[in-house]
Amino acid sequence: MNRVLIIGAGGVGRVVAFKAAQNPEVFGEITFASRTKSKCDAIAQELPRPVRTEAVDADKVPELVALINDVKPQLVIHVALPYQDLTIMDACLATGVHYLDTANYEHPDEAKFCYGPQWEYHDRFQKAGLMALLGSGFDPGVTNVYVARAKKHHFDRMDTVDILDCNGGDHGYPFATNFNPEINIREVSAKGRYYENGTWHETEPLSVKKTFDFAEVGPKDMYLLYHEEMESLVKHFPEVRRMRFWMTFGQSYLTHLRVLENVGMTRIDPVMFEGREIIPLQFLKALLPDPASLGPRTVGKTNIGCWIRGVKDDQPRTYYIYNVCDHQECYAETGAQAVSYTTGVPAAVGAAMMLQGIWHGHGVFNMEQFDPDPFLDLVTKWGLPWVETFPDVDEI
Ligand code: NDP
């Protein structure tokens, strides 16, 4: 029987727990663990079948090892925070268990996203006969698989890839983040970066803007950001000449962010306050609405996809593949809004690929290294269908 351990009871963990509980033919026994056990218990009560719940501090390898040895899962699905990637990978190696996550490792003291520290585990996972699947969310995750599908079915050569991430949802607050505020603000306030002709080019944060008309959402301003899936995609598809990532933001969000930055509230270095050290961004997180509480208030849709140009049979071609997801429909099914849903469903699908041996290998892998077709079939069945078009304009 396939036993899984899900770590992290936030918005994404909630969706993974729902999808796992809904699909007993893939996920046998489920253990749901997080730093705060009561959060697992609260979600567990809503699930269609019983799951075991536990407390674990995933920053501590011995605690993780003890839990994994007790549960004896085939796979650990890590949907806590990116700070825990390496400790959980260490614990998986120590116990001989496969690993999956949705976000690349970040050090708490440095806003830097890169796969290097996790790719360094490749040989150890390979020697142990274990598989680690990195970035099985939407972006990274489904976007990587979209690019793999494009290459497999539609292009002899891909020249440019633009990843377009639009959240057209409205939660009614002047400022809130749709997933962990600390992780979200670190990502958005970092310098932009895109890849062209073999090198990375830096841009000032949120300084490059375009407007794009998103299906079922409408025209939105989107900004060039650095995003982690580009690092693995340019490695695995070296033919791509230019790769960029774009995310939409509303004016209210940007104005608040600018003010918070200007007054120092997004800093991640410690400052002294009334005799003790605090990290301004962590304090800000305590003030902002919990992303998990946005579910019932959020209306509208997300639209995330990949716009790819290249050549097929000596003819230039433009290809656009995307998913549209409705916040209220996600909430009705799982009690979570679409940003958590679009991450949690692919995490569960990636886990299903591993548990069923459809995607297999020894070592550390990114999503685009496997056959995209079975993943896209299942992700459609479990709630995230995709649309593909061949636009007759080249540029976004
Ligand atoms: P949340 O902040 O809502 O939830 C994180 C959960 O992890 C919380 O329950 C928290 O516990 C728990 N946690 C934090 N630290 C520890 C620890 N040391 N040990 C055990 N549990 C811990 O985050 P989300 O659910 O929104 O996001 C989860 C992950 O998904 C993140 O890594 C995020 O970066 C990633 N993500 C990926 C996306 C993609 O498309 N690839 C998109 C969105 C998110 P507590 O409540 O006690 O603090």
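These legends go with a set of close-up views of a predicted model.

**Figure 1. The whole protein chain, before we zoom in.** Start with the overall fold: the protein chain has 14 helices and 18 strands. Its radius of gyration is 20 Å, close to the 21 Å that the globule rule gives for 396 residues, so the chain is as compact as a globular protein of that length. If you want a feel for the dimensions, the C-alpha trace spans about 55 × 55 × 40 Å along its principal axes.

**Figure 2. The shell around the ligand.** Here we look at the 36 residues around the ligand. Those that come nearest are Gly 10, Val 12, Thr 36, Ala 58 and Gly 137. Two elements give two or more residues to this shell, namely helix H1 (11-22) and helix H13 (338-355). Sorted by class, the shell has 17 nonpolar, 14 polar and 5 charged residues. Keep H13 in mind, as it turns up again in the view of its contact with H14.

**Figure 3. Helix H3 against helix H4.** This view shows H3 (residues 61-71) packing on H4 (residues 85-95), with the two axes 9 Å apart and at an angle of about 45°. That angle is why the pair counts as oblique. The crossing of H3 past H4 is right-handed. On the H3 side, look for Val 61, Leu 64, Val 65, Ile 68 and Asn 69. Facing them from H4 are Thr 87, Ile 88, Asp 90, Ala 91, Ala 94 and Thr 95. The residues of this contact split into 7 nonpolar, 3 polar and 1 charged.

**Figure 4. Helix H13 meets helix H14.** H13, one of the helices that give residues to the ligand shell, also packs on H14 (residues 372-381). Their axes come within 10 Å and cross at roughly 130°, which means that H13 is oblique to H14. H13 passes H14 in a right-handed crossing. H13 brings Val 345, Pro 346, Val 349, Ala 352 and Met 353 to the contact, while H14 brings Pro 374, Phe 375, Leu 378 and Val 379. By class you get 9 nonpolar residues here, with no polar and no charged ones.

**Figure 5. Helix H7 alongside helix H9.** The axes of H7 (residues 142-154) and H9 (residues 229-236) come within 10 Å and cross at roughly 25°. Angles under 35 degrees count as roughly parallel, and H7 and H9 are therefore roughly parallel to each other. Their crossing is right-handed. H7 puts Thr 143, Asn 144 and Val 147 into the contact, and H9 answers with Glu 229, Ser 232 and Leu 233. The class count for this contact comes to 2 nonpolar, 3 polar and 1 charged.

**Figure 6. A cis peptide bond at Pro 140.** Zoom in on the backbone just ahead of H7, in the loop that links strand E6 (131-134) to this helix. Pro 140 sits in that loop, and the peptide bond leading to it from Asp 139 is cis. Its omega is near 10°.

**Figure 7. Leu 206 and its positive phi.** The last close-up is on the loop between strand E9 (199-203) and strand E10 (209-214), where you will find Leu 206. Although Leu 206 is not a glycine, its phi is positive, at about 55°.

Conventions:
Residues numbered from 1 in each chain as written. Predicted model: local features only at pLDDT ≥ 70, side-chain atom pairs only at ≥ 80, totals over all residues. Axes fitted to C-alpha atoms, helices over the stretch in contact; angles between N-to-C directions. Helix = DSSP H or I, 4+ residues; strand = E, 2+ residues; numbered from the N terminus. Parallel < 35°, antiparallel > 145°, perpendicular 65-115°, else oblique. Left-handed = near helix turned anticlockwise from the far one by under 90°. Contact = placed C-beta atoms within 7 Å. Nonpolar A, V, L, I, M, F, W, Y, C, P; charged D, E, K, R; others polar. Near = placed C-beta within 6 Å. Rg over C-alpha atoms; globule rule 2.2 N^0.38 Å.
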